[in-house]
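Here are some friendly notes to read with the model open beside you. Take the points in order, or jump to whichever one helps at the bench.

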Amino acid sequence: MNTFENKDNDLETGKLIKDGEKTARSNRVLKIPNQALLSGFAYCISSCSMILINKFVLSSYDFNAGISLMLYQNLISVIIVSILSFLGIISTEPLTWRLVKVWFPVNVIFVGMLITSMFSLKYINVAMVTVLKNVTNVITALGEMYLFSKHHDSRVWAALFLMIISAISGGITDLSFHAVGYAWQIINCFLTASYSLTLRRLMDTAKQVTKSGNLNEFSMVLLNNTLSLPLGILLIFIFNEVDYLTRTPLLRLPTFWFVMTLSGVLGLAISFTSMWFLHQTGATTYSLVGSLNKIPLSIAGILIFKVPTSLENSASIFFGLIAGVIFARAKMRERSQT
């Protein structure tokens, strides 16, 4: 799911790779032997399962409260990270008022990014969501040029052009096309790119107001998810999900609560396994595997949810996935040259 800059940011998720590598080293408590294959497998399974389970909750269960689902998942993350921090297994920065003020703009975009992702996933199949998310890379690259005067080589722009073509052709040939879902996904692409760029701009300031002078991955998870709770509660009332929650019989099903809880655990597991995999291998392997991981995810999404498709649409999806791999390799080459 990820493509990287060596000292900058992940174009899709906004995670800082340099800090991620430092975090993996600083939080290594258990001495785990070199298990690159196992860590890569855990990362792929957790990232694929998270998206598939969210799709299952929103579509198969027909759960019409995406904000509430996000809120519950973030609450699960806060509880688990807080317990691990209390037990001394991981280290996190204390949430001070100064840090909260600096981080608030990032968190608002973070919440919007998660919510729009839920809304789009309800209406669009997993494979098309995966292809459309490539547009985020295009927006981020343009934002880097405007905000940070960063220039990319021709291979990167060629890969980005292929991503745009695949997204357009995929939408045109999508047999289950849903205008509302596509609109939410386009908004999500802009918010995800904004999150990445805003994170890069504010990260140094955020580090300056922490006690240790650093902001590791676990602290970011705790900070983002904690601040999202009051904002999420407010949005539940604004979007009138309270009325739906009081009427839906789904909340009386133990299996439904189990699936929702599992989705929250998997969301946190992505952070842990990605950090573990990054430490066992490196940013280059992590980036390439993240791109290749989209291929089985898309196939699984089509098969599990029995998505109607055509040869043209399948070709567009495959084309978009390959464009993602080409983009990852182009970024690696660009990084090695700099």
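1. Let's start with the chain as a whole. Among contacts between residues at least 6 apart in sequence, 87% join residues at least 24 apart. Please keep in mind that this is a predicted model. The chain has 14 helices and 0 strands, and of its 338 residues, 54% count as buried.

2. Helix α7 is a good place to look next. This helix covers residues 154–172, 19 residues in total, and its first and last C-alpha atoms are 27 Å apart, close to the 27 Å expected at 1.5 Å a residue. At its N-terminal end, Asp 153 acts as a cap, with a side-chain oxygen 3.1 Å from the backbone nitrogen of Arg 155.

3. Which residues of α7 are buried? They are Val 156, Ala 159, Leu 160, Met 163, Ser 166, Ala 167, Gly 170 and Gly 171. Because these residues cover an arc of only 125° around the axis, they sit on the same side of α7. On the other side of α7, Ser 154 and Ile 172 are exposed.

4. What covers the buried residues of α7? The cover includes α5 (126–132), α6 (135–148), α8 (179–208) and α14 (311–337). Tyr 182, found in helix α8, gives you a view of this from the α8 side. Its contacts, leaving aside neighbours within four places in sequence, include Gly 170 and Gly 171, both of which are among the buried residues of α7.

5. Staying with Tyr 182, its remaining contacts beyond four places in sequence are Ile 124, Met 128, Leu 132, Asp 174 and Phe 177. Is Tyr 182 buried or exposed? Its relative accessibility is 9%, so Tyr 182 counts as buried. Tyr 182 and Ser 120 are 62 residues apart in sequence, while their C-alpha atoms are 6.6 Å apart in space.

6. Thr 116 also has partners far along the chain. This threonine lies in helix α4 (residues 97–123) and counts as buried because its relative accessibility is 5%. Beyond its neighbours within four places in sequence, Thr 116 is in contact with Trp 184, Ile 187, Asn 188 and Leu 191. The C-alpha atoms of Thr 116 and Cys 189 are separated by 9.1 Å, although the two residues are 73 residues apart along the chain.

7. Another threonine to click on is Thr 273, in helix α11 (residues 254–280). Thr 273 has a relative accessibility of 11%, so it counts as buried. Setting aside neighbours within four places in sequence, its contacts are Ser 39, Ala 42, Tyr 43 and Ser 46.

8. From Tyr 43 you can move on to Ser 47, which is found in helix α2 (residues 36–60). Ser 47 is buried, with a relative accessible area of 1%. Where does a polar atom of the side chain of Ser 47 lie? The distance from this atom to the backbone oxygen of Tyr 43 is 3.0 Å.

9. Now for the aromatic rings. The whole structure holds 11 aromatic pairs. In one of them, Phe 56 and Tyr 61, the ring centres are 5.1 Å apart and the planes are at 75°, so the pair is edge-to-face. Phe 56 and Tyr 61 belong to one aromatic cluster together with Phe 63, Tyr 244 and Phe 256. Phe 56 counts as partly exposed because its relative accessibility is 35%.

10. There is also a charge over a ring. The charged end of Arg 200 sits over the ring of Phe 148, at 4.0 Å from the ring centre.

11. Finally, two loop residues have a backbone angle to check. Most residues other than glycine have a negative phi. Ser 149, in the loop between α6 and α7, has a positive phi of about 55° although it is not a glycine. Ser 149 has a relative accessibility of 55%, so it counts as exposed. Asn 240 has a positive phi as well, near 55°, and is found in the loop between α9 (217–238) and α10 (241–247).

Key. Residues numbered from 1 in each chain as written. Predicted model: local features only at pLDDT ≥ 70, side-chain atom pairs only at ≥ 80, totals over all residues. Heavy atoms only, no water. Helix = DSSP H or I, 4+ residues; strand = E, 2+ residues; numbered from the N terminus. Expected span 1.5 Å × (residues − 1). Buried < 20%, exposed > 50% of the residue type's maximum accessible area, 1.4 Å probe, protein only. Arc of directions from axis to C-beta. Contact = heavy atoms within 4.5 Å. Polar contact = N/O pair within 3.5 Å; in protein donor to acceptor, adjacent residues only side chain to side chain. Phe/Tyr/Trp six-rings, centres within 6.5 Å; stacked < 30°, edge-to-face > 60°. Lys NZ or Arg CZ within 6 Å of the ring centre and 35° of its normal.
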